[in-house]
Every structure is written in C-alpha cells, then in structure tokens.
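Please work through the following exercises with the sequence and the three-dimensional model at hand. Each task is followed by a worked solution.

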Protein chains: 2
Amino acid sequence: MSSDTNTEAQKKLIDLAADFYDQFDRGEIPEMTLPTRTKTNIEYDEDSDVWVYGDRESTRSANSIRGARKLLKAAYTIEFLDNQLEEDRSSTLRELYYLSESWDSEEAQFSTQDESNQLIEDLEIVSDVRREDFHMRPEESGAKVMGPLLLREQTRRGDRDIHCQKDVGQGGYQIPNNPDTIEFLECDADFVLSVETGGMRDRLVENGFDDEYNAIVVHLGGQPARATRRLMKRFHDELGLPVTVFTDADPWSYRIYGSVAYGSIKSAHLSEYLATPEAQFIGLRPEDIVEYDLPTDPLSDSDINALESELEDPRFQTDYWKEQIEIQLDIGKKSEQQALASRGLDFVTDTYLPVRLEEMGII
Amino acid sequence: MSSDTNTEAQKKLIDLAADFYDQFDRGEIPEMTLPTRTKTNIEYDEDSDVWVYGDRESTRSANSIRGARKLLKAAYTIEFLDNQLEEDRSSTLRELYYLSESWDSEEAQFSTQDESNQLIEDLEIVSDVRREDFHMRPEESGAKVMGPLLLREQTRRGDRDIHCQKDVGQGGYQIPNNPDTIEFLECDADFVLSVETGGMRDRLVENGFDDEYNAIVVHLGGQPARATRRLMKRFHDELGLPVTVFTDADPWSYRIYGSVAYGSIKSAHLSEYLATPEAQFIGLRPEDIVEYDLPTDPLSDSDINALESELEDPRFQTDYWKEQIEIQLDIGKKSEQQALASRGLDFVTDTYLPVRLEEMGII
C-alpha cells in the first residue's frame, strides 16, 4: 500500500517492457522465459522448506503470430498496471479482462478471462512482484478471524485499530484482500487453529474455544484465498505462533492443508510468500474415523483417484501422510469434521481438539 | 437471543408434540398437516405484498411405517430443540443430522441430511417459529456490510457497538447468523445498495461510493443467505431505507433479486419475515447491455430455459420483467456487472449507478 512498494513494482514492470525494447533494438525476436508450471516441475527447496518450480522453462516468443500477440497483451497490461500504481488504485482480474475492450489495439484485447488471469501470473513470475503489489484484487476473500489479537489495518479511509474478539460481532474480523496492510499491535494467542467449514468455525466460537485456549480461529471457507494463507504465514513468522489446520477427512480437504503448508502448483512461485511449511494437520485423520467410530460416507471413485494421486504428489511424500492415506483407502470411508457432533456438540472442544493439541505438543 | 423468545419457541414446539399425544389419546392416528411446497402452490398475498403458500396441503400421517417414522423423528428433534433452547445454545443443520446418530432409537436417526433439513423446515411451518429462533445456524453467512450505520450486536460475550465504516477494515462488517441480535443505533444512510459479486462490492468501496452517496453497501455473494435477506428487510422496515439490488444481467441473477423481493418457493412460509417487496432492481438490465454496448456472452440453452421459466414464474409477472426478459431472449446475450469496466473503472460509480438511482427517484 505504501508508495515505495508502488514505485518498486512499477520499476520492475517497466524493466520488463524495456527488455522487449532492447531485444528489438538488438535485432532479436523478443521473448519472455518462464518456468514450466506442471506437477512434474515442482521440487522441494531445502532452504525455504517449500515446494518451488524446477529448472524446466517455457518461452513465449514473438516468432509466431500467437506468441507476438501474447507479448503485445503483456505490454498493454504493463501500461495499465503502471497507471494503476501511479494513481494508487486497484482492480480485479475480471475488471482487467473487461477493461481490455477499451484498449485501442484489438489485437491486445483478451479473448477469455483465463488468458488475462494467466498473463497476470506470468507477470508475477517474471517480474518477481506479487499480484497484491500490482494492486490486483481477487474476486472474493471471505475468510474471517476470531481471537485474542489487536491489529491495525491501513485502509483507504485511515487506520483502524481492531481487537479480533472485543471489537467484532459473532462474525469476526474480515480479512482484507491485501493482508500486508495489517500491523499486529498486541497478541495474547498461543496458536492458530484454521478451520475448513463455517459450521465448525461457528461451533468453536460458540463454545468459546478461542477464549479458553487463547487460539486465533481462522475460517478457511474451503480452499483458502491467498489473503488467508498470507495472513496465516504472517501469524507464524511474525508472531511465532504454531499454525494448525482442521478439515474434513477426505482427499480434497488434505489438499486444503497442502496448499496452506506447501503451496500450490499453480502458485509455486509464491510459496515463500504464502506457504507455512511448519503448519500441522490436526485432523480429521482417517485414524480418527476408526478410533471414534464416526459417521461416514463411502469413498467415491473420484475420491479414490484423488487419494492415489496424493500418494504420488511430492507434497505428500511423508510417512505420516502415506500411513493416513493407506488407512483411508483400506477402510474405504470419509467423514466430515462436523461428524464429531455424533458424540455430542461439545466433544470437539472438550475432547477431540485438546487431545490432539496435547499429542502435537502445542498445549 | 432473549430468553423470552426461547420460552415462546419452546412452548410452540412442545405444543406440537402434545398434539401427537392428544391424537393418540383420542384413539386417532397421529398426523401433521403442511402446505404443499411447489411452484403451483404459491400465490400473491395482497396484504403483505409477498408470495405465500396457497391452500393445497400435504399430510404426514402415522398410517404407514414411513409416515410413522417421520413423526418419530419429529418428536426426537423437538426434544433436541427444546433442550438446546433451555441451555441457550445453538447448532447447525449438519450437526443435527450427525447428532441423531447418538439418539437411542435407531428408527429416529436421519438417513440423509436432506431429511433433517426438510424436517426443520416442516417444523418452522407448523409451529410458526423461525429456524433462527430454534437456534439452528446456517453453515455459512458470508455477507458483509459497509456504510454510515452505527449498530449494536448482542453477542455471547456481551454487546458490541460497531460503526460499519469507522470501526471496520476494508472487508466491512460481517453479518451474524441471526441478525435479529442487531439493534440500529444511528443511521446516516439514504438507501441500501446490495451487490451480487465481491469484485463489484470492492469496486464500490474502493471508489468510496458508500461515503459519497450515503449508501449501505451489502455484499450478497450470489444467492443471499437468510441472514442477509432478513437484515435488508430490517433496513427497509425499521430505517425506512429504499433497498436496491445490483446483479449481473442473466436469469440466475434475476432470481437473486426475486428472492430478496418476493421470497423463494422453498421458504415461502418466511416471506413476511425475509422478503422486501419494495426492493427495486437497479441492474444490469438487458436494455443496459444494448444501451452501453457491453461485452457479452451468448445465452446458453440452460439460460434460455431459465428465462422462459421466469416468464411463467408468478414472481416475474410484471410489465417491467416481461419487457426485460423479452429483450434478452431477443438479443440472445448476457453480461456480468463487472462488464461495466469496459467503459473504465469509474463508469459504474460516476455514471451508471447515479443515472439509474436518479431514474428510480432514489437520489
């Protein structure tokens, strides 16, 4: 949000456009080189402890009409972003797509939103500037926070000091699109518990779990938005809090944990900014289904395929995950986190979570 | 939230169970009678100006095993709700479904979540108590508010006074699951503008539309939750504010408007509590697509079917909607609200909305 960040991002964008110019000037065909973005080209980075792109690269070259058009679109988009930063404004990916209709060159206009989304990701990667610093907003943030934390959010209308228990309603504090506008003022929390579903989040808040255990309860709302993942990383790195992830016991939920802890294939270039490799999976584990005899649904074919593909996924190559996934394939069942209610509404806060947190050495 | 409301709801529930008892006592086969819940059985109520159920009724009778099981489940659920209200607690629909596994009679346990959801709706209808007053929470609320309004929310941890511009971040104020816990303290707003997409909501907030036009901007987030519809109705009825609805120009979005203004078929028994018949559709209208030459997508077959079914829907039997739907079928195109960005990022706040609000006599 600060104008220093704006100037830095503008400079990196203009440098990219200048590269095209220099290539032309040297009589070369302009091109842009990017890491190949597929599962086989992500690898573990031992320094940062997250998954990043490997060495394979793809080139966007103006040696074909299709390639030339891509570079033209990049040049127009760079100009748009430069203006946006100059005026300290922001926009959504969808607005960028529509706005391109007003550009004077028809060749530069995007034909689908996938195309403009992908170009922004490309620009993030080659410029090493994050989308948030281009002032591109996501369509939705959605996640909310409840816990013993006083923060200051820098908004367009001035600073707001907000305590995430005392100054908010039952709904909690809504994470802004760019959580780097938040400064932490005072924190009495001992750990972060992030929760997949709204129903379970509300259960924890109703039962006063955040208060009794000094926990920051974060609602993930399914696959978490970038803003949510970024804020959890900051909770870990800046406040030194252990981060835990509480989801359903099914393969899609393990991917939610995976994206918090290891980053995603689509945004492996952002892993160091978004991923919290120290994040721990608190449950539901397939072994909990057995231990607590929880209500289940049978695994569907697509669940089984997803589990098998996770056994191959470099992010799940640990003894822990192999064991859990094999238990699940073996029992052929999945459970939702709210299935803990079959043992009573307070079982999750009185028994399940305290037992797991103690096992994990967090309380 | 007050214990008076709890006692009232408990009494009505117990009355229902007492009815079953009295029927047994008189040597009758117990039964429960409900209005039939289909599109052909909703009709316009001239007194309340909303759509309500007609005269056709369905009966759940214990004269079959299937029917007897339904009444048994109702009796167990009534006992659960009575305890929940006694302890001033709450739960989600999904928790109720799982919790039934702990009931001593296996016959009373729900076999699918649809079954428990439907039973709660049945109980709402026959007892004339709303789900919120049973303390059944939805899985998600999601909607948020930004505007010149000071409110007091009664939470489990005490009252919270929150100004929906000065005391919140960019994300705004998160509507709680039961908005009847909110008291309005001070309102400087002139009207309510509810918005379908998060991207457009963020655009209005970034451009300061709520501040410049004294508007309460409500994010609908697709089909609005009950809590959001209830709060908008209270803005209208208690604060005397005109309510407007701003969506994409496609048949699914008109249904969003329809559910705000006229209620939905599924919850026609709640129309007087949830619907705001005075709510006005601000756009995008099919005629705006033509007038502003907006970027479009072609109507799909399912879009066309949905428009044709709207022409038959009693809620859309007005000259205005017939004209707009016929224009749309004629041009064969739809647009998103963010397509207004093709005329520049400020077009929506500088031109489109002020023009429409003036035409509608709101500003």
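The exercises below concern a predicted model and treat a chain interface, a strand and a histidine.

**Exercise 1.** Determine how many residues each chain gives to the contact between chain A and chain B, and what area is buried there.

*Solution.* Step 1: count the residues on each side; chain A provides 55 residues and chain B provides 55 residues. Step 2: take the area; about 4,600 Å² is buried between chain A and chain B, and carbon and sulfur atoms give 43% of this. Step 3: look for the leading contributors; A:Y98, A:R157 and A:E206 supply 15% of the area that chain A buries against chain B, more than any other three residues.

**Exercise 2.** Describe the polar interactions across the interface of chain A and chain B, and the composition of the side of chain A that touches chain B.

*Solution.* Step 1: apply the salt-bridge rule, which finds twelve salt bridges across the interface. One of them can be checked by distance: a nitrogen-to-oxygen separation of 3.6 Å joins the side chains of A:R89 and B:E206, and the cut-off is 4 Å. Step 2: turn to polar contacts; 34 residue pairs, both at pLDDT 80 or more, are found across the interface. Step 3: assign the side of chain A to elements; those giving two or more residues include α2 (65-86), α3 (93-99), β8 (149-155) and α5 (198-206) of chain A. With six residues, α5(A) gives the most. Step 4: sort by class; this side of chain A has 13 nonpolar, 22 polar and 20 charged residues.

**Exercise 3.** Explain why strand β13 (residues 215-219) of chain B is largely enclosed, and identify its pairing strands.

*Solution.* Step 1: examine burial; five of the five residues of β13(B) are buried, so the strand is largely enclosed by the rest of the structure. Step 2: separate the faces. In a regular strand, side chains alternate between the two faces of the sheet. On one side of β13(B) lie B:A215, B:V217 and B:H219, on the other B:I216 and B:V218, and all are buried. Step 3: find the neighbours. Strand β7 (residues 144-146) of chain B pairs with β13(B) in the antiparallel sense over two bridges, and B:M146 has B:V217 as its bridge partner. Strand β12 (residues 191-195) of chain B pairs with β13(B) in the parallel sense over five bridges, with B:V195 bridged to B:H219.

**Exercise 4.** Is A:H219 buried or exposed, and which backbone nitrogen lies 3.4 Å from a polar atom of its side chain?

*Solution.* Step 1: locate A:H219 in strand β13 (residues 215-219) of chain A. Step 2: compare its relative accessible area, 3%, with the cut-off for buried, under 20%; A:H219 is therefore buried. Step 3: identify the nitrogen, which belongs to the backbone of A:G221.

Key:
Residues are numbered from 1 along each chain as its sequence is written. Chains are lettered from A and ligands numbered from 1 in the order in which they are written. This is a predicted model: local features need pLDDT of at least 70, side-chain atom pairs count only at pLDDT 80 or more; totals for chains, interfaces and linings use all residues. Side-chain values use heavy atoms; hydrogens and water are left out. Contact means heavy atoms within 4.5 Å. Buried area is the accessible area (1.4 Å probe) that two parts lose on being put together, summed over both. A polar contact is a pair of N or O atoms within 3.5 Å; within protein, one must be able to donate a hydrogen and the other to accept it, and residues adjacent in sequence count only if both atoms are side-chain atoms. Helices (H or I, at least four residues) and strands (E, at least two) are DSSP runs, numbered from the N terminus. Ala, Val, Leu, Ile, Met, Phe, Trp, Tyr, Cys and Pro count as nonpolar, Asp, Glu, Lys and Arg as charged, and the others, Gly among them, as polar. Buried means under 20% relative accessible area, exposed over 50%, partly exposed in between (1.4 Å probe, protein chains only). Two strands pair if DSSP finds at least two bridges between them.
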